[in-house]
Structures are given as structure tokens and as C-alpha cells.
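Me: I would like to go through this model by question and answer, starting from one salt bridge and working outwards. Please keep the replies short and show the reasoning.

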Amino acid sequence: MSAVLSGKASHSAVTESASVRRLLIAGALLFLLLFLLLPLMSVFFEALRNGIGTYVEALTEPDAIAAIKLTLFAAGIAVPLNLVFGVAAAWAVAKFEFRGKTLLTTLIDLPFSVSPVVSGLIYVLMFGASGWAAGLIADTNIQIIFALPGIVLATIFVTFPFVARELIPLMQEQGTDDEQAALSLGANGWQTFWHVTLPNVRWGLLYGVLLCNARAMGEFGAVSVVSGHIRGETNTMPLHVEILYNEYNFAAAFAMASVLASLALLTLGLKSLLETRHGEALSQSHKH
Amino acid sequence: MDITLSTIDKQFGQFKALDNIDLHIESGELIALLGPSGSGKTTLLRIIAGLEFADGGAVYFGGEDVAATPLRKRQIGFVFQHYALFKHMTVRDNVSFGLRVRKGETRPDKASIRRRADELLDLVQLSGLGDRYPHQLSGGQRQRVALARALAIEPKVLLLDEPFGALDAKVRKELRQWLRELHQKTGVTTLFVTHDQEEALELADRVVIMSDGKIAQVGSVDDVYERPASPLVFDFLGSTNRISAQVQDGDLVVGGQQVARYNGDQTGSATLYVRPGDLRVAGAGDPGLEVTVLNVQRTGPIVRATVEIPPTGQRLAVEVPHLHHDVKEFVPEQTLRLRLMQFSVFAAEPEFIKDGVSTPHLIGRERLRQVQ
């Protein structure tokens, strides 16, 4: 029975002949292999070329550990803050009508359209030695540029859109009926947000946070401008890779790069796992 | 809780959604807001709930202006067309939501909340489904959960926005009956919005017919159906035959035929409105309208015929129950005389011009059924 059915399917009007299909699939696979898999594999290959000992050593030397710590720290501040900003912005845009809403929506997208280098530069222009905001902090001991605060600021700026962009369409599609129902039942604003709005978008939110985190850890351009590249102090993982590479320390550079690549693979895995569940949650919401 | 609306105005941009609405609703009434889409009925409901705010006028609950009372304090049970159930909560948690979000002493203990939720699920005939999730229920069941949830807060007023609009015809009929019974049991003042005239007439104590942001007529089901205030109301409450006529010396004349006695004293051109189901074969000596039968269709319980008024060629629809003795008279190409059992007559030319808009003016009606 199934043989009959599949036989019919292969003759259906929208299907190419077997040879054409094979050719197309082979082409796509070859492309994937050449441009994605081979480079990725070569990262791990280069990292482990001099043996596992060198690999571990490269990752455990003090500067490398400092870079990993700094990256985790910067992401650890930027991601939760952008989680809060993103949810607040999405909530405002999706659930309320106000003047300047279009402008706000455009502004949320700004970090995506601006070159990361410019994103870094604006903080240098603001807080650098001759920056207009430098005077504000001149009396205090706080240093922003070429220090941790600058890195965190640049990371927040660059990763700002991820959570908001993920939530706005989802919240808009869900409308405000659920919230209105909760309010009519006597819930206050906070209870409504916590018990109704947030659970409705939880998978979308997690998805946005994941993407935000991946970018926060991998950001190079903006962070590079504000960091100052002080080894062991203001070097994040991507910057550390660049320094090592420029010093012809390929094994160490690729070792650090392999950590970043693993991180990306992990994010991708979680992302596709979520997409399955997130997709279900969405289609469930369609059923109502 | 009785509700009074006083000179409610609402504007959306250039669009006047509500224009000077006055309405009083007695405590315990079941009221239908009926009108085509865009007539302002949903906007009015949302203003009563506090989901929307009027540009002018006031809403009174039991004589008290509620302008300063926000939605969450109005004790309104609001039921949405698409249920708006909380998807991530069980049915029982949905129903008890209004009790669980209460603060301090007003919040019952967990056991009473659960008991109350189960009582309400019994009331809406969903006993035993408390642990399910909304997506595991049918549309009709979901809407009943939404109702139970709204009733949990012991609302002073129950507002339903097209409550059965998303359901199929059979479930819709069942739920109508059920809502009627529920209203008798609970006695909560209830307003529902619908564009389905059958639903409005079947369910409501009183019907508020809306059009273009204004109230076209308010009245009991019999009032609005048998004594429509305007052609618009007549048209909206069922299928209609429209016939040009003359009013002369107490007679209603169509194409030279004297079709009915008319008890008003106006004279002039008029439009006669008669429903297909209010046309019957006239006996000898009855006033009537001579027509030629064009075709006959049997559609189950109703036999539909198309007839033509010979001099003008105007066609009319006639509906007769399939067991009625008139049915055998409807033979194609036969000529017969039809009696207008009940009809309305409106002046053909607008008598009044108001705000540049012509308002159809009622000049009279005759109900032969009562005369004889």
C-alpha cells in the first residue's frame, strides 16, 4: 500500500525527476560542507593539532581565564538587563497605544542597523577623555572606556533588540483579551503581567534570551572599540582570539575559538529544541 | 444592579462610534445589543465594562457614576468572543483566578476556592473537567468555562461580547437555551452583544437595536418584531418584501389594487414592508393582493414561493409551513390573492431632513390579525 502511495507521489506534478533531485541535494550538501562544516571542523582540528595538552594549557593560562571570566561577566550583566528592557519595551509596544510608538519600534531596531564599530564608538565619544559626558564622571573614580563598564554598555547596546524583537510580534498576535479578562476578574497590573502575560510568552522569551546571550558572548566590533585590549583585564574571548592570532599563536587562538564555537553550537541546539516546543506553544495558542 | 447610560459619545478618529446614547437597564434584565457590524454595539458594551472610555456622557451602576472606577474594581463578569481563557492554567485554575488574585481577608482559603470552582463547574455542566487544559476542550465547553470564570467573582453585571459567535450553529442553539436557564438561576443583570437577530429575539427580555452609533429601537421582543420603529429595524429583524404603495382615504393601494384597510389619516406615497411568512392566501371577501405564482421550492419545514404582482412585475417571496393548507394553492403560473396578515407602512419620501440625513418617517401600520 505504502509502496503504491510513494510511487504515486514521485510522479506528482510538482516533483522533479530522481536524477535532478539527487543533483540538487548533492549541490546543497556540498555547499554546506565547504562553507560551514569544513571551516567549523578546522577550528577544532587546528585547536587540537598540537595535542590535548597544549589545548588545555591554552585555555587555562591566566589571560585566557581572565578573558572567559570577563565574557561571562559582561554577558551576565547585559543579558538580564536586556531581558528586563526587552520585556518592558515589547509590553509597551504590543499592548498599548501611545504617541511615538512607531518611533520607539524603529529605535529598538537601531542597534541592528548600526555597524558594531559605530556602536562602540558612540560610547568612546561620550565617555572618552574628551567626550561630552566625561565631565559627569570626572570627579569620581569610575572609568568607563577601556574598562568593564564600557564593555558592558557596548554589549547591552548591541544585543538590545533580540528579546524585544522576539516578543513584539508574539504579543501583538496574542492581543490584549487575556489581560483584559484578568483585569475584569480583579487582578492588578502586576498580577496580570506575572500570571497571564509572562506565561503566554515564556517560550518566545527564552528563545530571545538565548539569541541575546549568544551575541553578547560573541560580540567583537563594538567591544573592541571600547575595550582597549588590555590583556588579562579588558579582553573578552573574541578579542583574545584576535590577539593570539596576531601573535601567530595559532593553537591557543583556535583553542579559544573552539570554546566560542562550542558555545554557538550549544545555543543552536537549544534554539532548535525550543523551536519545536515554541512552535507547539504557538500553534496551541492558535487553537484557542 | 441596574445600569443607566446617559448621553454616551465615543469617537474613533473621524468615526463616530457612539452618538448620544441613553439607556436604562433594570436589575436582573437580560438585554441583547443587536446591530450590524460597525453599529457601535461592542463599543457600548466595552464602555459599560470599563474596557473603553466614553468621550462624553456617564455610566451609572445602581445610581452611582462609575467613571472613576477602573475595570478591576467594577465587579464585571466579561465574556469574550474568543473566550480569552488562560492557556497555561487548568480549567479549575481558570475558574478560580478571580478568587486567587484577591488580597488579604477578601481572599478565601485554598479549600474554599477549590470548592467554589467545582461548584461553578457543576453549574456550567462541566463537572469533572477541572484538571483539563483549555486546549483539551471543545469550543462550547471553553465558552462555558469562560462563563464560570466570570461568575466566580459574583459579578453585579454580566457582559458577553458575541459569546456564541465562534461556535457552530448546533452548539450555539444549545448554549442559548442554557444561558437563558443560567440567567433565571442566577438573576444577574446580563447584557450580550450579537449580530444574530434570531439569537437576540430568542434570548433577551429586551432588545436594543443599534445602527450607526445610535439606538434605533429599544423594546421587548414583540415590540421590536411586530412594531418596528423604522424600515431599518424591520429589515434587520428578518427577511423583508418591500412594495411601493399609495395611501388613499384609509386604503392601501398597490398597483391599482386595494390590498388592505389602513387606519391612519395620512395620504401619499408609501413603502409597504411585509415579511414572507406573513403572507397567506386570502379568503373570498378578504382584502388582498392579486399575484401570479412563478415558482415553488420545498425546503424542509418551509415552502418558499416566488410570486409576481402583475401590473408592476415586482416579485415577492412567500413562506408557508409545509403542512399548511395554503401550500396546495401555490402552483406555478396560477393566479391567487394574498392577504397581508401583518405589515408596516413607512412614508416613501423622507418627511424630515435632520442633520442633512433623511430619516424615514413612520406613518402607520395595520395588524389585520387583531382586527378580525
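Me: Is B:Asp223 buried, partly exposed or exposed?
Reply: This is a predicted model. The relative accessible area of B:Asp223 is 30%. Buried requires under 20% and exposed requires over 50%. B:Asp223 therefore counts as partly exposed.

Me: Which residue forms a salt bridge with B:Asp223?
Reply: The closest N and O atoms of the pair are 2.9 Å apart, and the rule accepts a Lys or Arg nitrogen within 4 Å of a carboxyl oxygen. The partner has 32% relative accessibility and so counts as partly exposed. The partner is B:Arg227.

Me: Which residue does B:Lys214 pair with in a salt bridge?
Reply: The closest N and O atoms are 3.7 Å apart, against a limit of 4 Å. B:Lys214 lies in strand 10 (residues 214–220) of chain B, and its partner lies in strand 2 of chain B. The partner is B:Asp19.

Me: How many residues apart are B:Lys214 and B:Asp19?
Reply: The pair links distant parts of the chain. B:Lys214 has a relative accessible area of 43% and is therefore partly exposed; B:Asp19, at 24%, is also classed as partly exposed. Their separation in sequence is 195 residues.

Me: Which residues does B:Asp19 touch, not counting residues up to four places away in sequence?
Reply: B:Asp19 sits in strand 2 of chain B. Contact here requires heavy atoms within 4.5 Å. With the residues up to four places away left out, B:Asp19 touches B:Ile8, B:Asp9, B:Gly213 and B:Lys214.

Me: How far apart in space are B:Asp19 and B:His135, C-alpha to C-alpha?
Reply: In sequence, B:Asp19 and B:His135 are 116 residues apart. The C-alpha atoms of chain B fill a box of roughly 80 × 45 × 35 Å along the principal axes. From C-alpha to C-alpha, B:Asp19 and B:His135 are separated by 40 Å.

Me: Why does B:Glu29 count as buried?
Reply: B:Glu29 is in the loop between strand 2 (15–25) and strand 3 (30–34) of chain B. The class is decided by accessibility, and buried means under 20%. B:Glu29 counts as buried because its relative accessibility is 12%.

Me: Which side chain joins that of B:Glu29 in a polar contact of 2.7 Å?
Reply: Beyond four places in sequence, B:Glu29 is in contact with several residues, including B:His24, B:His183, B:Val188 and B:Thr190. A polar contact needs N or O atoms within 3.5 Å. At 2.7 Å, the side chain joined to that of B:Glu29 belongs to B:Arg206.

Me: What percentage of the residues in chain B is buried?
Reply: Chain B has 9 helices and 23 strands. Of its contacts between residues at least 6 apart in sequence, 65% join residues at least 24 apart. Chain B has 372 residues, and the buried percentage is 49%.

Me: Which residues of chain B are linked in a network of salt bridges?
Reply: Side chains of opposite charge can pair when their charged atoms come close. Over all chains, the search finds 28 salt bridges. The network links B:Lys173, B:Arg176, B:Asp196, B:Glu198, B:Glu199 and B:Glu202.

Me: Is A:Glu219 buried or exposed?
Reply: A:Glu219 forms a salt bridge with A:Arg215, with the closest N and O atoms 2.9 Å apart. A:Arg215 has a relative accessible area of 27% and so is partly exposed. A:Glu219 has 4% relative accessibility and is therefore buried.

Me: Which residue of chain A meets B:Lys87 in a salt bridge?
Reply: The contact takes 21 residues from chain A and 23 residues from chain B. Across this interface the rule finds 1 salt bridge. The side chains meet at 3.4 Å, N to O, and the residue paired with B:Lys87 is A:Asp178.

Me: Which helix gives the largest share of the side of chain A that touches chain B?
Reply: The elements giving two or more residues to this side are helix 10 (177–184), helix 11 (189–200) and helix 15 (250–287) of chain A. The largest share is 7 residues, and it comes from helix 10 of chain A.

Definitions and conventions. Residues are numbered from 1 along each chain as its sequence is written. Chains are lettered from A and ligands numbered from 1 in the order in which they are written. This is a predicted model: local features need pLDDT of at least 70, side-chain atom pairs count only at pLDDT 80 or more; totals for chains, interfaces and linings use all residues. Side-chain values use heavy atoms; hydrogens and water are left out. Helices (H or I, at least four residues) and strands (E, at least two) are DSSP runs, numbered from the N terminus. Buried means under 20% relative accessible area, exposed over 50%, partly exposed in between (1.4 Å probe, protein chains only). A polar contact is a pair of N or O atoms within 3.5 Å; within protein, one must be able to donate a hydrogen and the other to accept it, and residues adjacent in sequence count only if both atoms are side-chain atoms.
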